Amino acid sequence: MKVYFENSQGKKREIGQVDSKEKAFEIIENFLFEHNFTSYYTRYWEENGYLKIDVGSHTEFFYISKD
């Protein structure tokens, strides 16, 4: 599985590779910590073959590939 970050301009970049959803969420948590962002909620859904994760920024998202 690959973990991606999508910025507010819609550009995605890979931020990690993992072998479980739990580890993917750890990468996301570490990314948020490194960028000084506090998430007060997390919601996710399937979209276009990815798990799309919303952490509350309204313009930036994370994605986990399902392969």
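## A buried glutamate and its setting in a five-stranded sheet

Glu6 is buried and yet has no salt bridge, since the nearest side chain of opposite charge, that of Lys12, is 5.0 Å away. The separation of 5.0 Å between Glu6 and Lys12 does not qualify because a salt bridge requires a side-chain nitrogen of Lys or Arg within 4 Å of a carboxyl oxygen of Asp or Glu. The model in which this arrangement appears is a predicted one.

**Surroundings of Glu6**

Glu6 belongs to strand S1, which covers residues 2-6. Although Glu6 lacks a salt bridge, the side chain of Glu6 does make a polar contact, at 3.1 Å, with the side chain of Tyr63. Leaving aside residues up to four places away in sequence, Glu6 touches Lys11, Lys12, Thr59, Glu60, Phe61 and Tyr63.

One of these neighbours, Thr59, sits in the loop between S4 and S5 and is partly exposed, with a relative accessible area of 42%. With residues up to four places away in sequence again excluded, Thr59 touches Glu6, Asn7 and Ser8. The C-alpha atoms of Thr59 and Asn7 are separated by 7.1 Å, while the two residues are 52 residues apart along the chain.

**The sheet and the helix**

Strand S1 is part of an open sheet of 5 strands, whose order is S2-S1-S5-S4-S3 and whose pairing is antiparallel. At the edges lie strand S2 (12-17) and S3, each of which pairs on one side only. From one strand to the next, the twist averages 25 degrees. Helix H1, made of residues 21-34, packs on the sheet and touches S1, S2, S3, S4 and S5, and the direction of H1 makes about 155 degrees with that of S5.

Two of the strand pairs can be described further. S4 pairs with strand S5 (residues 61-65) in the antiparallel sense over 4 bridges, and within this pair the bridge partner of Leu51 in S5 is Ile64. Strand S3 (residues 43-47) and strand S4 (residues 50-54) run antiparallel and are joined by 5 bridges; here the bridge partner of Arg43 in S4 is Asp54. S3 and S4 form a hairpin that has 2 residues between the strands.

**Salt bridges**

Which charged side chains do form salt bridges? By the rule applied, the count comes to 4 salt bridges, and among them are the pairs tabulated here, each with the distance between N and O atoms.

| Pair | N to O distance |
|---|---|
| Asp19 and Lys23 | 3.4 Å |
| Arg43 and Asp54 | 3.0 Å |
| Lys52 and Glu47 | 3.4 Å |

The pair of Arg43 and Asp54 links distant parts of the chain, with Arg43 in strand S3 and Asp54 in strand S4, 11 residues apart. Arg43 counts as partly exposed at 45% relative accessibility, whereas Asp54 counts as buried at 4%. Arg43 and Asp54 are thus joined in two ways, being bridge partners in the pairing of the strands and also salt-bridge partners through their side chains.

In the pair formed by Lys52 and Glu47, Lys52 is buried, with a relative accessible area of 11%, while Glu47 counts as partly exposed at 27% relative accessibility. For the pair of Asp19 and Lys23, Asp19 is exposed, with a relative accessible area of 61%, and Lys23 counts as partly exposed at 40% relative accessibility. Asp54 and Lys52 are therefore both on the buried side of the cut-off, because buried means under 20% relative accessible area, and their values are 4% and 11%.

**Positive phi outside glycine**

Where do residues other than glycine take a positive phi? Asn48, which is not a glycine, has a positive phi of about 55 degrees; Asn48 is found in the loop between S3 and S4, in the turn of the hairpin described above, and counts as exposed at 72% relative accessibility. His58, likewise not a glycine, has a positive phi of about 75 degrees. The place of His58 is the loop between S4 and S5, the loop in which Thr59 also lies, and His58 is exposed, with a relative accessible area of 62%.

Terms used:
Residues numbered from 1 in each chain as written. Predicted model: local features only at pLDDT ≥ 70, side-chain atom pairs only at ≥ 80, totals over all residues. Heavy atoms only, no water. Buried < 20%, exposed > 50% of the residue type's maximum accessible area, 1.4 Å probe, protein only. Lys, Arg positive; Asp, Glu negative; His and termini not counted. Polar contact = N/O pair within 3.5 Å; in protein donor to acceptor, adjacent residues only side chain to side chain. Contact = heavy atoms within 4.5 Å. Pairing = 2+ DSSP bridges. Axes fitted to C-alpha atoms, helices over the stretch in contact; angles between N-to-C directions.
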